[in-house]
Amino acid sequence: HTSVKSENIIRTLPDSNNIKLVYAASAWHEPNFNAFIKPILMQLFEKYGNRIELHLIGLHPVIDVGEYNSQIFYVASMPMDKYDEYMRAHHFDIGLSPLVTNHFTERKYFNKYIEYSKYGICGIYSNVMPYKLAVKDGWNGYFSENTPQAWLETISRAIDCSVEGGQIINNAQ
């Protein structure tokens, strides 16, 4: 029952032909990134080449994907009002939100779903609580099981099915 004002729900226009993936999280979430996303980055870049970019907001894991390193962008953590301004000013196609399940995370709120949705970003979420409360896979977001292979398949699905992704954003908003 979170209130989101209609004027805060936006769709930014693409500023390039690249598919922009974003992972906005605190440094606390770096182990999730390292467990599920980092192991598949080279495969993603080999499959999609210069068509994709990865933007990491709030975390700075060590990554080496060779010739594709220039397609990874790091943005420092910022206060929430600055984060809102930043997200409104930049277009992202796909938002990543891997989350392990434990006593703490199962009791979190699905804020990341709300954030990605209100900025017009097609979200991919771990198939865990709290996301199970808000996301219907393939309708208003994508679920991924928490394995690198599952994340690779789900990210590829989101990249390859841009029409479906557009409908997912519409449904989420």
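The following exercises, each with a worked solution, concern a predicted model.

**Exercise 1. The sheet**

Determine the order in which the strands of the open sheet are arranged, and identify the edge strands.

*Solution.*
Step 1. The open sheet is formed by six strands, and their order is S3-S2-S1-S4-S5-S6.
Step 2. The pairing within this sheet is parallel.
Step 3. Strand S3 (72-75) and strand S6 (142-144) each pair on one side only, and these are the edge strands.
Step 4. On average, neighbouring strands of the sheet are turned by 25° against each other, direction ignored.

**Exercise 2. The S5 and S6 pair**

State how many bridges join S5 to S6, and find the residue of S6 that stands opposite Tyr-125.

*Solution.*
Step 1. S5 and S6 run parallel and are joined by three bridges.
Step 2. The residue of S6 opposite Tyr-125 is Phe-143.

**Exercise 3. The surroundings of helix H4**

Establish how many residues of helix H4 (residues 111-118) are buried, and list the elements against which they pack.

*Solution.*
Step 1. Of the eight residues of H4, seven are buried, and the helix is thus mostly covered.
Step 2. These buried residues are Lys-112, Tyr-113, Ile-114, Glu-115, Tyr-116, Ser-117 and Lys-118.
Step 3. Their packing partners include three strands of the sheet: strand S1 (19-24), strand S4 (94-97) and strand S5 (122-126).
Step 4. The buried residues of H4 also pack against helix H3 (80-89) and helix H6 (162-172).
Step 5. After H4 comes Gly-120, which has a positive phi, near 75°.

**Exercise 4. The cysteines**

Explain why Cys-122 forms no bond with Cys-161, and decide whether each of these two residues is buried or partly exposed.

*Solution.*
Step 1. The number of disulfides in the structure is zero.
Step 2. A disulfide requires two cysteine sulfur atoms within 2.5 Å.
Step 3. The cysteine sulfur closest to that of Cys-122 belongs to Cys-161 and is 9.8 Å away; a bond is absent because this is too far.
Step 4. Viewed from Cys-161, the nearest cysteine sulfur is that of Cys-122, and Cys-161 is likewise in no disulfide.
Step 5. Cys-122 has a relative accessible area of 4% and is buried, whereas Cys-161, at 30% relative accessibility, counts as partly exposed.

**Exercise 5. The position of Asn-32**

Locate Asn-32 among the helices, and decide whether Asn-32 is buried or exposed.

*Solution.*
Step 1. Asn-32 lies in helix H1 (residues 30-37).
Step 2. The limit for a buried residue is under 20% relative accessible area.
Step 3. Asn-32 counts as buried because its relative accessibility is 7%.
Step 4. Apart from its neighbours within four places in sequence, Asn-32 is in contact with Tyr-23, Ile-37, Pro-98, Leu-99 and Val-100.

Conventions
Residues numbered from 1 in each chain as written. Predicted model: local features only at pLDDT ≥ 70, side-chain atom pairs only at ≥ 80, totals over all residues. Heavy atoms only, no water. Buried < 20%, exposed > 50% of the residue type's maximum accessible area, 1.4 Å probe, protein only. Helix = DSSP H or I, 4+ residues; strand = E, 2+ residues; numbered from the N terminus. Contact = heavy atoms within 4.5 Å. Pairing = 2+ DSSP bridges. Axes fitted to C-alpha atoms, helices over the stretch in contact; angles between N-to-C directions.
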